[in-house]
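I opened the notebook with a short list of things to look up: the pocket, the core and the cysteines. My entries follow in that order.

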Amino acid sequence: MLNYIWGFIIIISILCSIFTGNIEHLSSSILSGASDAITLIITMAGMMGLWTGLMKIADKGGITYILSKLFRPILKRLFKDYPENSMAIRYICMNITANILGLGNAATPMGISAMKEMNKTNKNPKSANNSMIMFVVMNTASIQLIPTTMSILRQKYSSIAPFDVLPAIWISSAIALITGIILAKIFEK
């Protein structure tokens, strides 16, 4: 479905640029946009590689175990289907930690691993159970204490104070997470 939407947007953009006589502007925007996209991807890939590596080191060094102990009272209530020392809970903790640090891209591999582990004990592997749904909600509406990705983007695009958005991010991410958890609990089967 998204392919059709993007295709429609591209066709409309081309038609509008032809009818308004701005085809040269469209051409130059496409070329400069492609160059900017590659630069951004390289910047983000380096940051993602660094933080993914640090998260692996944190896991091997036992930090995720310590964090799982810290998060245990909350995770025990939210993920009742899994024991606190399971691999699913470890991956969930790693994902939550990456999200708290604002590393959404680095959190993705841990999130995928957590879902694979949770699906191993799922009674119906073709359908998500309540814990899996809760994890998706928490992962999507996560609290970010240090919005690293956003700050890197703001700095790349010449922001004088890339971290000046911290209070707004803290408030909005806390509200989103609390609302998401409450709604997921309300709609559980």
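Which helices each supply at least two residues of the lining of the largest pocket? I kept in mind that this is a predicted model, and I found that the helices in question are H3 (63–78), H4 (87–100), H6 (130–140) and H8 (166–186).

**Pocket.** I noted a volume of about 300 Å³ for the largest pocket. Its lining comprises 15 residues, of which Ile96, Ile100, Met138, Ile143 and Leu177 are the closest to its centre. When I sorted the lining by class, I counted 11 nonpolar and 4 polar residues, with no charged residues.

**Core.** I then turned to the largest nonpolar core, which has 26 residues, and listed Leu75, Phe79, Ile92, Met118 and Met138 as those with the most contacts inside it. Two or more residues of this core come from each of H3, H4, helix H5 (104–120), H6 and H8, and H4 gives the most, with 8 residues. Met138 thus appears in both of my lists, among the residues closest to the pocket centre and among those with the most contacts inside the core.

I looked up Ile92 separately, leaving aside its neighbours within four places in sequence, and recorded contacts with Leu75, Phe79, Ala114, Met118 and Phe135.

**Cysteines.** How many disulfides does the count come to? I obtained 0 disulfides, taking sulfur atoms within 2.5 Å as the rule. I also checked the exposure of two cysteines: Cys93 is buried, because its relative accessible area is 0%, whereas Cys16 counts as partly exposed, because its relative accessibility is 43%.

Note on methods:
Residues numbered from 1 in each chain as written. Predicted model: local features only at pLDDT ≥ 70, side-chain atom pairs only at ≥ 80, totals over all residues. Heavy atoms only, no water. 1 Å grid on protein atoms, 1.4 Å probe; cavity = no way out; pocket = protein on both sides within 12 Å on 5 of 7 lines; lining within 4 Å. Points joined across faces, edges and corners; volume = space filled by probe spheres on them. Helix = DSSP H or I, 4+ residues; strand = E, 2+ residues; numbered from the N terminus. Nonpolar A, V, L, I, M, F, W, Y, C, P; charged D, E, K, R; others polar. Core = buried A, V, L, I, M, F, W, Y, C linked by side-chain atoms within 4.5 Å. Buried < 20%, exposed > 50% of the residue type's maximum accessible area, 1.4 Å probe, protein only. Contact = heavy atoms within 4.5 Å.
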